[in-house]
Amino acid sequence: RDHRRLSITPGCTGLWQVSGRNDVSFAEMVNLDLEYIQKVSFSLDMHILLRTVRVILVPNSAY
């Protein structure tokens with residue numbers, strides 16, 4: 001499980017960053033990372049990028 005999560009190159013944004021950031025527990029963060037690895041696709045990447053823009057423009061859970 002840990003090795004699978006580390007098998008992908010980290011980026012500047014990700015599924016867990018746009019899914020609550022500070023409101024997400026470590027276990028949920030790992031699960032979101034693994035979900036991304038299972039579902040990786042261009043459309044998912046575009047979805048995450050669009051959500052990233054929204055989080056930047058309307059931050060609500062950043063400390």
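Q: Is Glu-35 buried, partly exposed or exposed?
A: This is a predicted model, so let's take its computed values as they come. Glu-35 has a relative accessible area of 31%. Buried means under 20% and exposed means over 50%, with partly exposed in between. That makes Glu-35 partly exposed.

Q: Which residue forms a salt bridge with Glu-35, and how far apart are the closest N and O atoms?
A: Look within helix H2, since Glu-35 and its partner both lie there. The two sit four residues apart, about one turn of the helix. The partner is Lys-39, and the closest N and O atoms are 3.4 Å apart.

Q: How many salt bridges does the structure hold?
A: One is the pair Glu-35 and Lys-39. Another joins the side chains of Asp-33 and Arg-5, at 2.7 Å from N to O. The count for the structure is two.

Q: Which parts does the pair Asp-33 and Arg-5 tie together, and how many residues apart are they in sequence?
A: Start with where each residue sits: Asp-33 lies in helix H2, while Arg-5 lies in helix H1, residues 2-5. Their side chains meet in a salt bridge. The pair therefore ties together helices H2 and H1, at positions 28 residues apart.

Q: Is Asp-33 buried or exposed?
A: The cut-off to keep in mind for buried is under 20% relative accessible area. Its salt-bridge partner Arg-5, at 23% relative accessibility, counts as partly exposed. Asp-33 comes in at 18%, so it counts as buried.

Q: Which residues lie nearest the centre of the largest pocket?
A: This pocket holds about 420 Å³ of space, and 17 residues line it. Helices H2 (26-39) and H3 each supply at least two residues of that lining. Nearest the centre, though, are Thr-9, Pro-10, Gly-11, Thr-13 and Gly-14.

Q: Is Leu-57 buried or exposed?
A: Leu-57 is found in helix H3, which covers residues 42-57. Along with Val-53, Ile-56 and Val-58, Leu-57 forms a nonpolar patch on the surface, with about 430 Å² of accessible area together. Its own relative accessibility is 66%, so Leu-57 counts as exposed.

Q: How far apart are the end C-alpha atoms over residues 4-57?
A: An unreviewed UniProt entry places the feature "domain: Bacterial sugar transferase" at residues 4-57. Over this stretch the chain is 59% helix and 0% strand. The end C-alpha atoms are 32 Å apart.

Note on methods. Residues are numbered from 1 along each chain as its sequence is written. This is a predicted model: local features need pLDDT of at least 70, side-chain atom pairs count only at pLDDT 80 or more; totals for chains, interfaces and linings use all residues. Side-chain values use heavy atoms; hydrogens and water are left out. Patches are made of residues with over 30% relative accessible area and no salt bridge: like charges are joined within 9 Å, nonpolar side chains (Val, Leu, Ile, Met, Phe, Trp, Tyr) within 5 Å. Accessible areas come from the Shrake-Rupley method with a 1.4 Å probe; for residues, only the protein chains shown count as cover. A salt bridge is a side-chain nitrogen of Lys or Arg within 4 Å of a carboxyl oxygen of Asp or Glu. Buried means under 20% relative accessible area, exposed over 50%, partly exposed in between (1.4 Å probe, protein chains only). UniProt positions are given in the numbering used here, feature names are shortened, and annotations may be inferred rather than shown by experiment. On a 1 Å grid over the protein atoms alone, a cavity is a set of points where a 1.4 Å probe fits but cannot get out, and a pocket is an open set with protein on both sides within 12 Å along at least five of seven lines; lining residues have an atom within 4 Å of a point. Grid points are joined across faces, edges and corners, and a volume is the space filled by probe spheres set on the points.
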